[in-house]
Amino acid sequence: MCLSTVYTVQGNEPQEVMKDVARIEIEGAGCWAIDLFGQRTFIQGMIKSVDLMDSTVMIDQRDPAS
């Protein structure tokens, strides 16, 4: 089973947001991370990278105007 951990990135410091994420849905200015049990967390920002080998998703929360 391929589950991922989602991190937000502001500057150089990644912050873990959610583990065991099975699905990501893009909505407006962010995305919903949904875990194996259906718990949903909205994360504002854009997906920066997805590493399927390392099971990580990085979401950039920098202001796009900067």
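Let's start at a turn: β2 and β3 make a hairpin with two residues between them, and G28 in that turn has a positive phi of about 55°. Keep in mind that this is a predicted model. The two strands of the hairpin, β2 and β3, pair in the antiparallel sense, over six bridges. You can pick out individual partners across the pairing. E25 stands opposite W32 in β3, and I24 has A33 of β3 as its bridge partner.

Now follow the chain along β3. This strand is mostly covered, with five of its six residues buried. On leaving β3 you meet another hairpin, made with β4; four residues lie between the strands, and G38 takes a positive phi near 90°. F37 also sits in this loop between β3 and β4. Is F37 buried or exposed? With a relative accessible area of 74%, F37 is exposed. For a sense of scale, take F37 and E13: they are 24 residues apart in sequence, and their C-alpha atoms are 28 Å apart in space.

Past that loop, β4 runs antiparallel to β3, and five bridges join them. One of the matched positions is I34, whose bridge partner in β4 is R40. R40 also has something to do with a ring: R40 lies over the face of W32, at 4.5 Å from the ring centre.

W32 deserves a longer look. A pair of aromatic rings is described by the distance of the centres and the angle of the planes. Here the count comes to one aromatic pair, and W32 and F42 are the partners. Their arrangement is edge-to-face, at 5.2 Å centre to centre with 65° between the planes. Because W32 lies in strand β3 and F42 in strand β4 (residues 40-44), the pair ties together parts that are 10 residues apart in sequence. F42 isn't fully tucked away, though: its relative accessible area is 34%, so F42 counts as partly exposed.

Time to zoom out to the sheet. Strands of a sheet pair through backbone hydrogen bonds, either parallel or antiparallel. In this model six strands form an open sheet, ordered β4-β3-β2-β1-β6-β5, and the pairing is mixed. Which strands stand at the edges? They are β4 and β5 (46-51); each has a single partner strand, so one side of each is left without a neighbour in the sheet. On average, neighbouring strands are turned by 45° against each other, direction ignored.

What about the nonpolar side chains? In soluble globular proteins, nonpolar side chains tend to be buried together. The largest nonpolar core in this model has eight residues: V6, M18, V21, C31, A33, I43, V57 and I59. The elements that give two or more residues to this core are β2 (13-27), β3 (30-35) and β6 (56-60).

From that core, M18 makes a handy stepping stone. Leaving aside residues up to four places away in sequence, M18 touches S4, T5, V6, A33, D35, Q39 and T41. Pick T5 from that list and you land in strand β1 (residues 4-10). T5 counts as buried because its relative accessibility is 15%, and the cut-off for buried is under 20%. With the same sequence neighbours left out, T5 touches E16, M18, K19, S55, T56 and V57. Two of the core residues, M18 and V57, are thus among the contacts of T5.

Definitions and conventions. Residues are numbered from 1 along each chain as its sequence is written. This is a predicted model: local features need pLDDT of at least 70, side-chain atom pairs count only at pLDDT 80 or more; totals for chains, interfaces and linings use all residues. Side-chain values use heavy atoms; hydrogens and water are left out. Buried means under 20% relative accessible area, exposed over 50%, partly exposed in between (1.4 Å probe, protein chains only). Contact means heavy atoms within 4.5 Å. A nonpolar core is a set of buried Ala, Val, Leu, Ile, Met, Phe, Trp, Tyr and Cys residues joined through side-chain atoms within 4.5 Å. Rings of Phe, Tyr and Trp (its six-membered ring) pair if their centres lie within 6.5 Å; planes under 30 degrees apart count as stacked, over 60 as edge-to-face and the rest as tilted. A charge sits over a ring if NZ of Lys or CZ of Arg is within 6 Å of the ring centre and within 35 degrees of the ring normal. Two strands pair if DSSP finds at least two bridges between them. Axes are lines fitted to C-alpha atoms, for helices over the stretch in contact, and angles run from 0 to 180 degrees between N-to-C directions.
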